[in-house]
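Grab a pencil and open the viewer. Here are three short exercises, each followed by a worked solution.

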Amino acid sequence: MPDEKAIFAANREWARAMCESEPGFFDRLVNQQEPEYLWIGCSDSRVPASQITGLRPGEVFVHRNIANIVPIDDLNCQAVIQYAVDVLGVKCIVVCGHYGCGGVLAALRGKATGLTGDWISSIVALREQHASDLAALATETERHDRLCELNVIEQVRCLSESEVIKTAWSRGQALQIHAWIYSIKDGLLKNLNTSVGGPIGV
Ligand code: CO
């Protein structure tokens, strides 16, 4: 594990390299933040939004939580969405799940307890909603993968019905919502083709 000293050294080297390759890079970022993407992803350490997308500082506003969910009553998540849509004016919200998600597996197995159990209760409900489809799959790995996908699609559905998003669409704001999933096995993103572009279409 890199210690604190090593992390600060790596940070100084990164800042130096950025200045060298792009003079004025930090000066440009100081006074403005105009990201076009809001990324809602899992807290999993193996799914770092910027690194896997190549998006740079200033290009993506990020919210991560266990199992990338967007509860309507979660002040943190909803405030991020409102700020991103109303103030930053992002053009695209990406909900990105990942295969092998521990939060989704806990919901699949009905194993999580305490705060984590409370947090993923909506995925347990989703599992019940799709119980027959999931039961038709042969292995737990397949059921796990499918529930990871269903969870992303469900979050996109919830987002598209949220007041912030509906209000943005009703005033004609161009805003798309995409469902993506990431594979830790090969580092690749997959589009689940469940995009929503709002009543005006984009
Ligand atoms: Co996860």
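Two terms first: a residue is buried under 20% relative accessible area, exposed over 50% and partly exposed in between, using a 1.4 Å probe and protein chains only. Helices (H or I, at least four residues) and strands (E, at least two) are DSSP runs, numbered from the N terminus. This is a predicted model, in which local features need pLDDT of at least 70, side-chain atom pairs count only at pLDDT 80 or more, and totals for chains, interfaces and linings use all residues. Residues are numbered from 1 along each chain as its sequence is written, and side-chain values use heavy atoms, with hydrogens and water left out.

**Exercise 1.** Work out how many residues of strand β3 (residues 92-98) are buried.

Solution. Step one: take one face, where Cys92, Val94, Cys96 and His98 are all buried. Step two: flip to the other side, and Ile93, Val95 and Gly97 turn out buried too. Step three: that gives seven of the seven residues, so β3 is largely enclosed by the rest of the structure.

**Exercise 2.** Find the strands that pair with β3 and β4, where pairing takes at least two DSSP bridges between two strands.

Solution. Step one: strand β1 (residues 37-42) runs parallel to β3, with five bridges joining them; Gly41, for instance, has Cys96 as its partner. Step two: β3 is also joined to strand β4 (residues 176-182), again in parallel, by seven bridges. Here Cys92 stands opposite Gln176, and Ile93 partners Ile177. Step three: move on from β4 to strand β5 (residues 189-191), an antiparallel pair with three bridges. Tyr182 faces Leu189 there. Six residues sit between the strands of this hairpin, and Gly187 has a positive phi near 75°.

**Exercise 3.** Which residues line the largest cavity?

Solution. Step one: get the term straight. On a 1 Å grid over the protein atoms alone, a cavity is a set of points where a 1.4 Å probe fits but cannot get out, and lining residues have an atom within 4 Å of a point. Step two: list the lining, which is Val70, Ile72, Gln78, Ile81, Cys158, Leu159 and Ser162. The elements giving two or more residues to it are α4 (75-88) and α9 (140-160). Step three: zoom in on Cys158, which lies in helix α9 and counts as partly exposed at 26% relative accessibility. Its C-alpha atom is 7.3 Å from that of Val70, although the two are 88 residues apart along the chain.

Terms used:
1 Å grid on protein atoms, 1.4 Å probe; cavity = no way out; pocket = protein on both sides within 12 Å on 5 of 7 lines; lining within 4 Å. Pairing = 2+ DSSP bridges.
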